[in-house]
Each structure stands twice: as structure tokens, then as C-alpha cells.
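Q: Please take a close look at the metal site of this model and at the parts of the chain that can be described along with it. A connected account, suitable for a first-year student, would be appreciated.

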Amino acid sequence: MKVGSPQTEIDRLCQEFEAWGLSPEAIIGKHKVVIGLVGETASLNEEQIEENSEWIEQVLRVERPYKRASREFRHGEAGEVWVSTPDGDVPFGESHPIVVVAGPCSVENEAMIIETAQRVKAAGAKFLRGGAYKPRTSPYAFQGHGESALDLLAAAREASGLGIITEVMDTADVEKVGEVADVLQVGARNMHNFALLKKVGAQPKPVLLKRGMSATIDEWLMAAEYVLAAGNPNVILCERGIRTFDRSHARNTLDLAVLPVLRSLTHLPIMIDPSHGTGRWEFVPAMAKAAIAGGTDSLMIEVHPNPAKALSDGPQSLNPERFDGLMQELAVIGNAVNRWPKSAMAIA
Ligand code: PEP
Ligand code: MN
């Protein structure tokens, strides 16, 4: 719609499109209002739609299979996802400062999760991550403490003011996890779990969707489309490394090329996880810096008070001292690209 289109006209048009059997969705952006038309549109031509109002600026058909996730769906405008946390609302997106998410792979006990929350907050993180339910390759490996760990995350949220990001693996747990989490994480192994995608799409908390370890970018965006199509517009995409032939040095190959590729394909905010992406704490700083230089909107970093004793992913976890040092290094790159949060700058 043209800039300054009256609300009455937007409403009138939406009613008209509904009468045609379509489901119109008005997307109110910073500079534009876009009406997304979902339904049987194959038989309609652009002129037929255009002649309904002098306030229509342009009619654009989204050719890609992922409609709502596509960049065209917002007529090229950047998207954003706002997440409420005890310390206030935090935006993710390309026109906002970089958001750092940090914490252990698993929630192990109360002391460690509270200590980690306080340490990563002091260093400038806005969210605490930590798994209560862990997707492990082996059924004999630590599976997470489950429900009791959710209570510990709630305590850490209260004690630190940080938002909580934690994984949900089972459709049956979505509601329970949603009571504590500010963002629900769908892990790499569940990126193709369509029942779970539909379920997190039908609840109100934002969703962090990790890339499947062998998923193409199109498959990943189609997975995001499931969440969006189920009614939840708040999806953040997280690159966490993909399987490739050479696993002799790093656990995965962190695909940083997703930064420009996703930017051209989608309006959804992007997070990079160099911890799972490399599997080794020594490699995390270089990849985190590269991700900021490459334009990421957010970073996820595993931090554990004593990585040698961690119940999962110790080898890729930074201790709090190393995380402090990393945040100072990241501030230099973050400031250079003009995307480092003001509040975290004092630490640098
Ligand atoms: C995690 O975030 O701890 C995790 C299990 O990640 P992924 O799903 O990317 O393996
Ligand atoms: Mn992990």
C-alpha cells in the first residue's frame, strides 16, 4: 500500500479480498503496510487486484514455495522479532543491535545455572540458553533433567533478568516449556518434525529454529514456513553447522554463507551458533567475529562454569573468563559494523 494509506481503506480492501475467498494478512512495517494474500490466487492477475484501490502501490506475486518467510512477502523490508524478557523487550533483526545468547548446553544444577546467568549477563548477554530436554545421539547419554530443569531456568530468569531460550523436543511439552521460556528452541534434529513445527506455530512464544544438520536452505525456510503458516510470525533462524565430509578437526562445517544468502531470501532474523558449528571452544571466537562481520543479527555461545566437568558439550564450551574476553573482542567488530548494543559497550 502507498505510504499514508488510510486504515479504513486497508480494512475495506481486506474485506473485499475475504469476499473473494482469500485470507488477507495486513503486515504493518516501519515504512510500509503490506497486505499478504493467501489462498487460491493462481487465477487472479495483478491488474485485477490493482484496480480495487488507488492506494495500492504495487502487486507482487511471491513465486517462492515459502511465502510468508520470503523477503518479497514484506516487499523487501527487513523483519524483526521482539522478545519480552524481565529486563525489557529485546528486538532481533537487521536494523537492531546484535543480541548475544549464552549459557551451558544443559541445565545441570541450580548453582551452575544461576552463576552462569549472572556471569553472561555481566558480560553483555541478553538471553540465557540451557537445555532441560536434550536431544542426544546416544540413549545412554545424559538426556537433561527435564521438568525440574525448567524450574531452575525460571529461577535463573528471576535472579538475572535475562530472557530464557530452551529447547522443546516433544509436542506434549510445548505448553510446559512455554511457561518458562521466552523463546522456544527447535533443535537441528527436529527441524523436520512437522508436528512440532505446527504446535510451536500455534502458541504465542517466539521460535528459534535451528538448521537441520543436513538441511538445505530451502528446506530450512520451508520448516520456518510451517511455523509461520500455523499463525506464529516470530521465527528466528539459527545456523549451527552442517555435516560435511571432513570432520577430523571440527564437529561440523559452520556455513557462514547463509548470512548473505538468507538476507536475500527472507526477512527473518538470523542467529549464528559457532559452538555447535565447530564443536571446539578454541574455534568459537574466530567464527563469532566472522559472523558479526558477515552481518549476523545474533550469536549463540555455549558457556559453562567448568567445561571439563560439563555433562554435555564441554569441549565446545567457553568458561566465563574466556567469555568475558570474547565479548570484549566482539565489541570491536560489533562497533565497527555499528551494531553493538550501547549497554554492552562499557565493558569493552
Ligand atoms: C543445543 O543447542 O544444545 C543443541 C542441541 O543444538 P543443535 O540442535 O543445533 O544440535
Ligand atoms: Mn549443546
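A: Cys105 has a relative accessible area of 4% in this predicted model, and because values under 20% count as buried, Cys105 is a buried residue. His276 is likewise buried, with a relative accessible area of 7%. Both residues are protein donors of the manganese ion (ligand 2): Cys105 contributes its SG atom and His276 its NE2 atom. The other protein donors of this ion are Glu302, through OE, and Asp313, through OD. The donors lie 2.0 to 2.4 Å from the manganese ion. Along the sequence, the donor residues follow the spacing C-x170-H-x25-E-x10-D. Cys105 is located in the loop between strand 5 (99-103) and helix 3 (110-123), whereas His276 belongs to helix 9 (residues 274-278); the pair therefore ties together parts that are 171 residues apart in sequence.

Each of these two donors leads to a further part of the structure. On the side of His276, the loop between strand 11 (270-272) and helix 9 holds Asp273. Asp273 is buried, at 0% relative accessibility. Setting aside residues up to four places away in sequence, Asp273 touches Lys210, Cys238, Glu239, Arg240, Leu254 and Met300. The C-alpha atom of Asp273 is separated by 20 Å from that of Gly144, a residue 129 places away along the chain.

On the side of Cys105, the loop is followed by helix 3, which packs with helix 11 (residues 320-336). In general, two packed helices are described by the angle between their axes and the distance between the axes. Here the angle is about 20 degrees and the axes are 9 Å apart. Since angles under 35 degrees count as roughly parallel, helix 3 and helix 11 are roughly parallel to each other. Their crossing is right-handed. Helix 3 takes part in this contact through Arg119, Val120 and Ala123, which meet Pro320, Glu321, Phe323, Asp324 and Met327 in helix 11. Of the residues in the contact, five are nonpolar, none is polar and three are charged.

For a contrast in exposure, one may turn to Arg157 in helix 4 (residues 147-160). Arg157 is partly exposed, at 26% relative accessibility, while Asp273 is buried. Apart from neighbours within four places in sequence, Arg157 is in contact with Ser84, Thr85, Pro86, Leu162, Ile164, Val180 and Asp182. The C-alpha atoms of Arg157 and Gln15 are separated by 43 Å, and these two residues are 142 residues apart along the chain.

Technical notes. Residues are numbered from 1 along each chain as its sequence is written. Chains are lettered from A and ligands numbered from 1 in the order in which they are written. This is a predicted model: local features need pLDDT of at least 70, side-chain atom pairs count only at pLDDT 80 or more; totals for chains, interfaces and linings use all residues. Side-chain values use heavy atoms; hydrogens and water are left out. Donors are N, O and S atoms within 2.8 Å of the metal (3.2 Å for Na, K and Ca); water is not among the atoms, so sites may look incomplete. Helices (H or I, at least four residues) and strands (E, at least two) are DSSP runs, numbered from the N terminus. Buried means under 20% relative accessible area, exposed over 50%, partly exposed in between (1.4 Å probe, protein chains only). Axes are lines fitted to C-alpha atoms, for helices over the stretch in contact, and angles run from 0 to 180 degrees between N-to-C directions. Angles under 35 degrees count as roughly parallel, over 145 as roughly antiparallel, 65 to 115 as roughly perpendicular and the rest as oblique. A crossing is left-handed if the near helix is turned anticlockwise from the far one by less than a right angle, and right-handed if clockwise. Contact means heavy atoms within 4.5 Å. Ala, Val, Leu, Ile, Met, Phe, Trp, Tyr, Cys and Pro count as nonpolar, Asp, Glu, Lys and Arg as charged, and the others, Gly among them, as polar.
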